[in-house]
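Colleague: I've got this one open in front of me. Please walk me through its hollows, cores and domains.

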Amino acid sequence: MTLHQNLIAGEWVGSDGVANVNPSNTNDVIGEYARATADDASAAIAAAKAAFPAWSRSGILERHAILRKTADEILARKDELGRLLSREEGKTLAEGIGETVRAGQIFDFFAGECLRLAGETLPSVRPNIGVEVTREAVGVVGIITPWNFPIAIPAWKIAPALCYGNTIVFKPAELVPGCSWAIVDILHRAGLPKGVLNLVMGKGSVVGQALLESPDVQAITFTGSVGTGKRVAMASVEHNRKFQLEMGGKNPFVVLDDADLSVAVEAAVNSAFFSTGQRCTASSRIIVTEGIHDKFVAAMGERMQGLVVDDALKAGTHIGPVIDQSQLNQDTDYIAIGKNEGARLAFGGELIARDTPGFYLQPALFTEATNAMRISREEIFGPVAAVIRVKDYDEALAVANDTPFGLSSGIATTSLKHATHFKRNAEAGMVMVNLPTAGVDFHVPFGGRKGSSYGPREQGKYAAEFYTTVKTAYTLA
């Protein structure tokens, strides 16, 4: 089996490989991917540092051409790359292809941004002096990405970093190296100079730690768990580096009495269970007012019975497997916790067998939950959701905001008054009205507040806030 190597200083290197296994069929080994050492990570950081002066001053047309060529190849290979994504992560093929298209669109957007780089020319308060405000690249950027969006999240970090003239050391999640390797290979062949983009696949405790400890890494952008995010923050403060964190969520989806029942059910099912619930924007708290509660729960159960859980690549599959045994154990542990806390398991929650060995779990829906239960407070990151009954809109809003997280928040209602009030008062970085809490556009800001996020927003023009630093220059006329 071919070993997919790390890319350091423009060269493919590495000999120690780890198997990339399909969660839909654990007998299916997708490929062998190199595991970097701490020395490899140090070499990648040194290569990025050496490449920075020339790349940060490169022409905007050169950057545009490379990013545009990358976008074109990703979109041309969307079926192939989408299938690879679904094999290694377990999303349905439709979701895998959709995420791949989104990655191509992100690179296309930032290819355009290369040609729209701008600053300001201002008059000074003093006579005969001109003032220029410009943005410059930060330096070496460490990129650490999670396993749940193996091509979109790397794209929305790598593309702006390159667009604004930074060099990169990229550490993807160990469980999903395939899509990351493919993106790096495409960018490498698109003409990136040596050392501008370095790929170091491997353990977070080795590669990630090397990034955190290096004084030559000027910025780190991280998406992952709250615990690791805190370690990134502490290490970054010590080195006085910029850091950007996207961490957990416990996103509420509110259903009011006046909601369109079919719209509410579809949005709730999508929010809670699609992508196997393995999204930081997923909603595992469904807050329902008492007038519609019973009808909603009945309709949810009926809709869930029609969901097909199977191999991600099979036609007709709605929900694929959980990513691995560890995550499956976490999901089933929380189902047991919910039962012990007194919530009623109204549907699902059973381990299921399919034609191939995989990590299959029937989506679980709890009712009679309260917002004080652990299943309502802690991020589960699986296809497990709890319905919380409330009296009215005011209580629904209060319960929705009663969480240490603040990434995404949704509401199903036909009331313009309540929709408008919720958009203004939901304590989240993103608010959805009659839409799933998951599902965002690539050209607008992504991020949350409270314990979910720290630092500037990702995606769209707002990405410049993290990947650049501001310079003010004064000139005597």
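Modeller: First, a pocket is an open set of points on a 1 Å grid over the protein atoms alone, with protein on both sides within 12 Å along at least five of seven lines, while in a cavity a 1.4 Å probe fits but cannot get out; lining residues have an atom within 4 Å of a point. Points join across faces, edges and corners, and volume is the space filled by probe spheres set on them. The model is predicted, so local features need pLDDT of at least 70 and side-chain atom pairs pLDDT 80 or more, while totals for chains, interfaces and linings use all residues. Numbering runs from 1 along each chain as its sequence is written, and side-chain values use heavy atoms, without hydrogens or water.

Colleague: How is the protein chain divided into domains?

Modeller: The bounds come from an automatic or database domain assignment. The centres of the two parts, taken over C-alpha atoms, are 31 Å apart. Their contact (heavy atoms within 4.5 Å) takes 26 residues from domain 1 and 28 from domain 2. The division is into domain 1 (3-247 + 452-476) and domain 2 (252-433).

Colleague: What volume does the largest pocket have?

Modeller: Its lining has 36 residues, with W147, F222, G224, S225 and T228 nearest the centre. Two or more lining residues come from each of α7 (204-213), β11 (219-223), α8 (226-239) and α11 (325-341); helices (H or I, at least four residues) and strands (E, at least two) are DSSP runs numbered from the N terminus. Domain 1 and domain 2 each supply at least three residues to the lining. The volume of this largest pocket is about 1000 Å³.

Colleague: And how do the residues lining that largest pocket divide by class?

Modeller: Nonpolar here is Ala, Val, Leu, Ile, Met, Phe, Trp, Tyr, Cys and Pro, charged is Asp, Glu, Lys and Arg, and the others, Gly among them, are polar. On that scheme, the lining of the largest pocket holds 14 nonpolar, 15 polar and seven charged residues.

Colleague: Which element gives the most to the lining of the second largest pocket?

Modeller: This pocket has a volume of about 450 Å³, and among its 17 lining residues L117, R135, E136, Y164 and T468 are closest to the centre. Seven of the lining residues are nonpolar, two polar and eight charged. At least two apiece come from α1 (38-56), α2 (60-76), β7 (129-137) and β23 (468-476). The most, three residues, come from β7.

Colleague: Why does the largest nonpolar core lie between the domains?

Modeller: A nonpolar core is a set of buried Ala, Val, Leu, Ile, Met, Phe, Trp, Tyr and Cys residues joined through side-chain atoms within 4.5 Å. This one has 94 residues, and L67, F107, F110, I158, L162, L187 and I375 have the most contacts inside it. Helix α5 (152-163) gives the largest share, nine residues. The core lies between the domains because residues come from both domain 1 and domain 2.

Colleague: Which residues does F107 contact, leaving aside neighbours within four places in sequence?

Modeller: F107 is one of the residues with the most contacts inside the largest core. Its partners are L67, T70, A71, I74, A155, I158, A159, I183 and L187.

Colleague: Is T167 buried or exposed?

Modeller: T167 sits in strand β9 (167-171). Beyond four places in sequence, its contacts include A48, F52, W55, V141 and V196. Buried means under 20% relative accessible area, exposed over 50% and partly exposed in between (1.4 Å probe, protein chains only). Because its relative accessibility is 0%, T167 counts as buried.

Colleague: What separates the C-alpha atoms of P383 and A272?

Modeller: P383 is in the loop between α12 (374-377) and β17 (384-390), and at 0% relative accessible area it is buried. Residues that P383 touches beyond four places in sequence include A272, F273, V322 and L361. P383 and A272 are 111 residues apart along the chain, yet their C-alpha atoms are separated by 6.3 Å.

Colleague: How much space lies in the largest cavity?

Modeller: There are three cavities of 30 Å³ or more. Lining the largest are residues including G249, R279, C280, E379 and F381, and the lining splits into five nonpolar, five polar and two charged. The space in that largest cavity is about 70 Å³.

Colleague: Which residues lie nearest the centre of the second largest cavity?

Modeller: About 60 Å³ of space lies in this cavity. Its lining divides into five nonpolar, six polar and three charged residues. Nearest the centre, out of 14 lining residues, are P252, T403, F405, G406 and S408.
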